[in-house]
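Dear colleague,

Please find below the sequence and the structure that I am handing over to you. My findings follow directly after them.

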Amino acid sequence: MSRTYKVTGINLKGMPMGESDRLLTILTRERGLIRAVAPGARKHVSKLGGRSGLFVVNDLLISQGKSLDRISQAETIESYPGLSQSLGKLTASQYLAELVLGQALSQHPQEDLFCLFTEHLSRLERSPNLHTLPLLAHATFHLLALAGIAPQVQACSITQQPLAPNFQDSSWRVGFSTVAGGIVDLAALKDLAAQQASPGISLPPQRSSVAEKIDNSYQVVTLPQKLPRLSAQLDATQLALLQQLAQPDLPLEMTSLEMLPLASSPLRPNPNSSSETAWIAVERILRQYTQYHFEQPIRSAALIDTCFVSASLAP
């Protein structure tokens, strides 16, 4: 049996190993996540030096080892040098790499995840710096959708009725519940609270079904639905942005709403809510949602705050 195999992969993480080697975590099309040693990659004259860099895509020939595989040959087919020219872009890319590491499987083909991740890296690299945060939110939503856990953003998570942003009322808000899985109509939430407080009033029942063991057999029992805890409230502009994230491409006007005259924007944004502030809110919501469902923090998020939130507060 051959002890070598060929894969195409992108480097997601690297760390020094021994005197001159580097241990890489690689997302491959054919085998999912693998960990492999790039021997001598930290030597100045090593052919694997540049090929072991972050977000470099290589065709690899790998030798199987008892504990760790080793890279025998590597030929670079794609890299993203533009990402390292901007701290915001590099941080956003590392953020997305953490999401990929959180959902990628080992010993299973990951063609869709590989293509989605590299496509969004390309978009980040070739876009202006001011589009970085919107593109990060867009990519995050797509990765959540691929994992099957994207939040519900078109309809209320309680009533399943469509929700559209109301730009005519500056005080209009919609809730977002990480636990409930998406946006929440505040009026529906109020009705549900009233129903639970006064069981005798005539309101549409909000109930859930569970399997309960009764007399040594499992039966389906309906229970009153618990009130979902809100993670945040969104204004009309923020909801409009969130609802656009499911689209294959993010419309240009969505990245910089204040650049368009109010009358020409199909979204009719709230003039008191800048696009930068709105995108910060959207990213925060998606971040909290992602960390809850992946059950682990996004370590790059702190630097995202430094790059974007701190900059937005500067005079």
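Strand 2 (residues 21-28) is largely enclosed by the rest of the structure, because seven of its eight residues are buried. Please note that this is a predicted model.

Strand 2 pairs on both sides with antiparallel partners. Strand 1 (residues 4-17) is joined to strand 2 by eight bridges, and the two run antiparallel. Within this pairing, Leu23 in strand 2 stands opposite Met15. The hairpin of strand 1 and strand 2 has three residues between the strands, and in it Gly18 takes a positive phi near 65°. Strand 3 (residues 32-38) is joined to strand 2 by seven bridges, again in an antiparallel arrangement. Here, too, a hairpin makes the connection, through three residues, and Thr28 stands opposite Gly32 in strand 3.

These strands belong to a closed barrel of five strands, which runs 1-2-3-5-4 with mixed pairing. On average, neighbouring strands of this sheet are turned by 50° against each other, direction ignored. The parallel sense appears between strand 3 and strand 5 (residues 69-78), which pair over two bridges. In this pairing, Arg70 in strand 5 is the bridge partner of Val37.

Two helices pack on the barrel sheet. Helix 1 (residues 87-103) touches strand 1, strand 2 and strand 3, and its direction makes about 120° with that of strand 1. Helix 2 (residues 111-126) touches strand 1, strand 2 and strand 4 (57-63); the direction of helix 2 makes about 55° with that of strand 1.

One residue of strand 1 may serve as an example of the surroundings of this strand. Thr4 lies in strand 1 and counts as partly exposed, because its relative accessibility is 38%, between the limits of 20% and 50%. Leaving aside its neighbours within four places in sequence, Thr4 is in contact with Leu61, Ile62 and Ser63. Thr4 and Arg70 are 66 residues apart in sequence, and their C-alpha atoms are 9.4 Å apart in space.

A further sheet deserves your attention. Three strands form an open sheet in the order 7-6-10, and the pairing is antiparallel. Strand 7 (182-184) and strand 10 (232-234) stand at the edges with a single partner strand each, so one side of each is left without a neighbour in the sheet. Neighbouring strands of this open sheet are turned by 40° against each other on average, direction ignored. Three bridges join strand 6 to strand 10, and Phe176 has Ala232 in strand 10 as its bridge partner. Helix 5 (residues 236-244) packs on this sheet and touches strand 6, strand 7 and strand 10; its direction makes about 95° with that of strand 10.

I also looked for aromatic pairs, and a search of the whole structure finds two of them. In one of these, the ring centres of Phe176 and Tyr289 are 6.1 Å apart and the ring planes stand at 70°, so the pair is edge-to-face. Because Phe176 lies in strand 6 (residues 174-177) and Tyr289 in helix 7 (residues 275-294), the pair ties together parts that are 113 residues apart in sequence. Phe176 and Tyr289 are both buried. Elsewhere, Arg31 lies over the face of Tyr5, at 3.7 Å from the ring centre.

As to the cysteines, how many disulfides does the structure hold? The number is zero. Cys156 counts as buried because its relative accessibility is 0%. Cys307 counts as buried as well, because its relative accessibility of 17% is under the limit of 20%.

Finally, some totals for the protein chain. Its secondary structure comes to eight helices and 10 strands. Of the 315 residues in the chain, 45% are buried. Among contacts between residues at least 6 apart in sequence, 63% join residues at least 24 apart.

With kind regards

Note on methods:
Residues numbered from 1 in each chain as written. Predicted model: local features only at pLDDT ≥ 70, side-chain atom pairs only at ≥ 80, totals over all residues. Heavy atoms only, no water. Phe/Tyr/Trp six-rings, centres within 6.5 Å; stacked < 30°, edge-to-face > 60°. Helix = DSSP H or I, 4+ residues; strand = E, 2+ residues; numbered from the N terminus. Buried < 20%, exposed > 50% of the residue type's maximum accessible area, 1.4 Å probe, protein only. Lys NZ or Arg CZ within 6 Å of the ring centre and 35° of its normal. Disulfide = S-S within 2.5 Å. Pairing = 2+ DSSP bridges. Axes fitted to C-alpha atoms, helices over the stretch in contact; angles between N-to-C directions. Contact = heavy atoms within 4.5 Å.
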